[in-house]
Amino acid sequence: MDYSREPESMQSRLFDSTLASVGCTSSEDKEQILVAYEGEWRNLLSKLRSDLKLRRAQDDTSYDKMHQRMKMMHNSSIVGEKIVKVARNYVKERLTDAVREATSQMPPNVLDDENLLYRLLEWDDEVNRWTKARRHMEGSWQFVLIPSAVPNAFVSEILPHRIFITTSLFETFIESQDELALVLGHEISHLILGHSSARNGLETSFRTLEILMLSLDPTEGLLSLGVMAVLASIRSAIGALHSRDNERCADELGIRLTAMACYDTRAASQVFYKMHKFNVESGRDVGVGLGGLFDSHPPSEERFIYLLKESDEENPAKYEETNCSSLKTIFFDALKSGDGKERR
Ligand SMILES: [Zn+2]
């Protein structure tokens with residue numbers, strides 16, 4: 001790709017570099033990328049469905065592969081949308097709490113002076129923190145499915161409002177929407193908790209370097225892949241800065257968001273056991289250095305046990321009165337009215 005001849009926006013360069021970080025570099029692979037927009041992904045699916053019908057009619061050999069990717073996109077969109085929605089509400093509520101707390105400490109003359117009030121609120125650490133989180137969450141999101149042999153899912157500050165998921169994540173680990181919800185909940189939690197902000201500056205420098213490598217390489221990616229591997233390992237060292245504490249906090253908020261989105265957190269926590277087992281059996285750290293899911297320390301048995309225990313507390317029953325009630329109430333009422341004995 002020659003950037004000097006074909007000027008592209010920084011965003012699309014960053015996008016290319018993000019794809020390269022999971023080994024998606026060939027134009028053939030890039031053509032397979034699916035992007036679904038929050039609230040509008042059903043349009044994409046119906047387009048894919050009609051394309052699929054055509055392939056089946058033609059007995060096209062690509063039918064099975066396409067069908068698999070369509071199912072992955074379907075699950076990514078449903079789960080992604082729900083997790084984003086609860087995360088958005090969660091952040092909004094925390095910001096409201098922080099503002100309420102801050103203003104409760106202020107004398108009446110400050111509360112009467114709007115300019116002064118806003119300035120003081122800006123200086124408040126908690127208000128500041130949740131305002132940033134709110135900026136990260138607000139806006140329309142995209143769910144990007146990347147064909148890749150590297151199992152990963154990630155959210156990046158440098159390409160905001162996107163959830164990236166690789167096909168291999170589904171093939172290797174994800175067996176249910178519950179499991180996907182917990183993985184995405186964890187990733188969004190890092191964003192909400194501001195863990196990636198600290199690394200953002202360095203991350204951007206590395207990406208810029210990678211873009212440079214990709215654009216300089218005359219063999220269209222072959223040589224630069226080696227350079228990228230070196231860069232990836234450096235990035236993994238930065239990733240190690242993600243402390244154990246950060247991981248624990250992201251696990252804690254991640255499982256809460258999963259429960260708030262009404263997914264079965266007990267069943268979901270199994271995905272962390274599978275990742276741990278995979279790591280142990282393969283004797284390597286999957287995806288280390290690629291950012292996202294495995295970027296800090298490998299998924300451990302300890303994390304799985306913590307999540308399983310936490311699922312006793314954080315599960316859909318806890319949010320029955322708020323998030324998870326509506327459908328249940330509708331079905332319950334429908335069942336009740338269908339039963340003659342129950343009706344008066
Ligand atoms: Zn993490």
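The exercises below, each with a worked solution, concern a predicted model of one protein chain.

**Exercise 1. Overall make-up**

Task: State how many helices and strands the chain has, what share of its residues is buried, and what share of its contacts joins residues 24 or more positions apart.

Solution:
- Step 1. The secondary structure consists of 16 helices and four strands.
- Step 2. The chain has 344 residues, and 46% of them count as buried.
- Step 3. Among contacts with a separation of 6 or more, 72% are between residues 24 or more positions apart.
- Step 4. About 18300 Å² of the chain is exposed, and 53% of that area comes from carbon and sulfur atoms.

**Exercise 2. A helix pair**

Task: Determine how α14 is oriented relative to α15, and which residues form the contact.

Solution:
- Step 1. Locate the two elements: α14 covers residues 270-282, and α15 covers residues 301-313.
- Step 2. Their axes lie 8 Å apart and make an angle of about 170 degrees.
- Step 3. Angles over 145 degrees count as roughly antiparallel, so α14 is roughly antiparallel to α15.
- Step 4. On the α14 side the contact uses Gln270, Phe272, Tyr273 and His276; on the α15 side it uses Glu301, Arg303, Phe304, Leu307 and Leu308.
- Step 5. Sorted by type, the residues of this contact are five nonpolar, two polar and two charged.

**Exercise 3. The surroundings of Ser269**

Task: Place Ser269 in the chain, decide whether Ser269 is buried or exposed, and list what Ser269 touches beyond its neighbours within four places in sequence.

Solution:
- Step 1. Ser269 sits in the loop that links α13 (265-268) to α14.
- Step 2. Its relative accessible area is 0%. The cut-off for buried is under 20%, so Ser269 is buried.
- Step 3. A polar contact of 2.8 Å runs from the side chain of Ser269 to the backbone oxygen of Arg266.
- Step 4. With neighbours within four places in sequence set aside, the contacts of Ser269 are Leu182, Phe304, Leu307 and Leu308.
- Step 5. Phe304, Leu307 and Leu308 also belong to the α15 side of the contact with α14.

**Exercise 4. Positive phi outside glycine**

Task: For His161 and Cys262, give phi, the loop and the exposure class.

Solution:
- Step 1. His161 has a phi near 60 degrees, which is positive although the residue is not glycine.
- Step 2. The loop holding His161 runs between β3 (153-155) and β4 (162-166).
- Step 3. With a relative accessible area of 21%, His161 is partly exposed.
- Step 4. For Cys262, a residue other than glycine, phi is also positive, near 70 degrees.
- Step 5. Cys262 lies in the loop between α12 (244-260) and α13.
- Step 6. The relative accessibility of Cys262 is 32%, so this residue counts as partly exposed.

**Exercise 5. Two C-alpha distances**

Task: Give the separation in sequence and in space for Lys309 with Thr265 and for Asp16 with Lys30, and classify the exposure of Lys309 and Asp16.

Solution:
- Step 1. Lys309 is part of helix α15, and its relative accessibility of 65% makes it exposed.
- Step 2. Lys309 and Thr265 are 44 residues apart along the chain, with 10.0 Å between their C-alpha atoms.
- Step 3. Asp16 belongs to helix α1, residues 10-20, and at 9% relative accessibility Asp16 counts as buried.
- Step 4. Between Asp16 and Lys30 the sequence separation is 14 residues, and the C-alpha to C-alpha distance is 9.2 Å.

Conventions: Residues are numbered from 1 along each chain as its sequence is written. This is a predicted model: local features need pLDDT of at least 70, side-chain atom pairs count only at pLDDT 80 or more; totals for chains, interfaces and linings use all residues. Side-chain values use heavy atoms; hydrogens and water are left out. Buried means under 20% relative accessible area, exposed over 50%, partly exposed in between (1.4 Å probe, protein chains only). Contact means heavy atoms within 4.5 Å. Accessible areas come from the Shrake-Rupley method with a 1.4 Å probe; for residues, only the protein chains shown count as cover. Axes are lines fitted to C-alpha atoms, for helices over the stretch in contact, and angles run from 0 to 180 degrees between N-to-C directions. Angles under 35 degrees count as roughly parallel, over 145 as roughly antiparallel, 65 to 115 as roughly perpendicular and the rest as oblique. Ala, Val, Leu, Ile, Met, Phe, Trp, Tyr, Cys and Pro count as nonpolar, Asp, Glu, Lys and Arg as charged, and the others, Gly among them, as polar. A polar contact is a pair of N or O atoms within 3.5 Å; within protein, one must be able to donate a hydrogen and the other to accept it, and residues adjacent in sequence count only if both atoms are side-chain atoms.
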